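Colleague: I should like to learn how to read the features of a fold from a model. May we go through one together?

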Amino acid sequence: MSERHFTTRRGFIAGLGFGAVSLYGAWAAYGAAPLPFGGKAAAAPEPDAHGGGHGGHGAAEASAEAGGHGGHGASAGMAPEEFRFEHDYFIQRFTQKDGSVNPHVSEDTHSHAAEGHDHGHDAGGEPVDVYLMAQKFSYSPDMLRLKAGQAYRFRMMADDITHGASIQLGAASRIIRLRPNTVTAQVITFTKPGEYLVYCTVYCGQAHDAMQGRIVVA
């Protein structure tokens, strides 16, 4: 082999090697190199933004029933069947002659209370339980009579499709999204007497605009 051919071949190999090193250097600069470059250790994976186990969501669910009983709120998963039973009893027990529902009306029959289902008068500063069912195109009950300054634990659920419940609180309002067969709990205190409107905030059909309820606070 002539010296000219040997020199040409050596130059070709050297050029090929230099090109490969340059290409690898470009990969490394953009973080795309298949192997560590320059002796740098691989970056440690970033921690889960939810803090592991979705703790952020848990905190949000707990605030939905601040100061309430565990086991009855949305975070605790009250069964739809249990909600329907309690709702029906709530309506049956506290319905007045004008059709409104007043959980403060005393009752002589305490058989249900003896079974641990007394949701009437406030005891020991605990919120009074109120049950509200949303369905096309009404709330049940559609009229509640409550007291100013008393805390109420609203247990709510949609019976058919997704609805909303906007409870007017003077200049502001509390908006709750109600999903089918999912029980949601909110503790609300009305500070002033008056009549408060409840209306659906999720379009649910032709009579959506007529889906309203009232809360009369004395």
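Modeller: The discussion below takes the overall layout, the sheets, a helix and a cavity in turn. Please note that this is a predicted model.

Colleague: How many helices and strands does the protein chain contain, and how do the elements run from the N terminus on?

Modeller: The protein chain has 4 helices and 9 strands. From the N terminus on, the elements run α-α-α-α-β-β-β-β-β-β-β-β-β. Of the 218 residues of the chain, 31% count as buried.

Colleague: How should one read the pairing of strands, and which order has the open sheet of 4 strands?

Modeller: In general, strands of a sheet pair through backbone hydrogen bonds, either parallel or antiparallel. The open sheet of 4 strands has the order S2-S1-S4-S7, and its pairing is mixed. Strand S2 (138–140) and strand S7 (184–189) stand at the edges with a single partner strand each, so one side of each is left without a neighbour in the sheet. Neighbouring strands of this sheet are turned by 30° against each other on average, direction ignored. As one case of pairing, strand S1 (residues 128–135) and S2 are joined in the antiparallel sense over 3 bridges. Within that pair, Met-133 has Ser-140 in S2 as its bridge partner.

Colleague: What is the order of the open sheet of 5 strands, and which are its edge strands?

Modeller: This open sheet has the order S3-S9-S8-S5-S6, again with mixed pairing. Its edge strands are S3 and strand S6 (172–178), each of which pairs on one side only. The twist averages 20° from one strand to the next.

Colleague: In which sense do S3 and S8 run against S9?

Modeller: Strand S3 (residues 143–146) and strand S9 (residues 212–217) run parallel and are joined by 4 bridges. Strand S8 (residues 194–199) runs antiparallel to S9, with 6 bridges between them. Individual residues make this concrete. Val-217 in S9 is the bridge partner of Leu-146, and Gly-194 also stands opposite Val-217. Tyr-196, in turn, has Ile-215 in S9 as its bridge partner.

Colleague: Where does Leu-169 lie, and is Leu-169 buried or exposed?

Modeller: Leu-169 belongs to strand S5 (residues 163–169). Its relative accessible area is 28%, which means that Leu-169 is partly exposed, since buried requires under 20% and exposed over 50%. Leu-169 and Gly-194 are 25 residues apart in sequence, and their C-alpha atoms are 9.8 Å apart in space.

Colleague: How does one test the span of helix H3, and which of its residues are buried?

Modeller: One compares an expected span with the distance between the end C-alpha atoms. At 1.5 Å a residue, the 15 residues of helix H3 (residues 80–94) should span 21 Å, and the end C-alpha atoms are 21 Å apart, which agrees. The buried residues of H3 are Pro-80, Phe-83, Glu-86, His-87, Tyr-89, Phe-90, Arg-93 and Phe-94.

Colleague: How many cavities of 30 Å³ or more are there, and what lines the largest cavity?

Modeller: The count comes to 1 cavity of 30 Å³ or more. The largest cavity has a volume of about 40 Å³. Its lining includes Leu-132, Pro-141, Asp-142, Val-198 and Arg-214. By class, the lining has 6 nonpolar, 1 polar and 2 charged residues. S3 and S9 each supply at least two residues of this lining, and S9 gives the most, with 3 residues.

Methods: Residues numbered from 1 in each chain as written. Predicted model: local features only at pLDDT ≥ 70, side-chain atom pairs only at ≥ 80, totals over all residues. Heavy atoms only, no water. Pairing = 2+ DSSP bridges. 1 Å grid on protein atoms, 1.4 Å probe; cavity = no way out; pocket = protein on both sides within 12 Å on 5 of 7 lines; lining within 4 Å. Points joined across faces, edges and corners; volume = space filled by probe spheres on them. Nonpolar A, V, L, I, M, F, W, Y, C, P; charged D, E, K, R; others polar. Expected span 1.5 Å × (residues − 1). Buried < 20%, exposed > 50% of the residue type's maximum accessible area, 1.4 Å probe, protein only. Axes fitted to C-alpha atoms, helices over the stretch in contact; angles between N-to-C directions.
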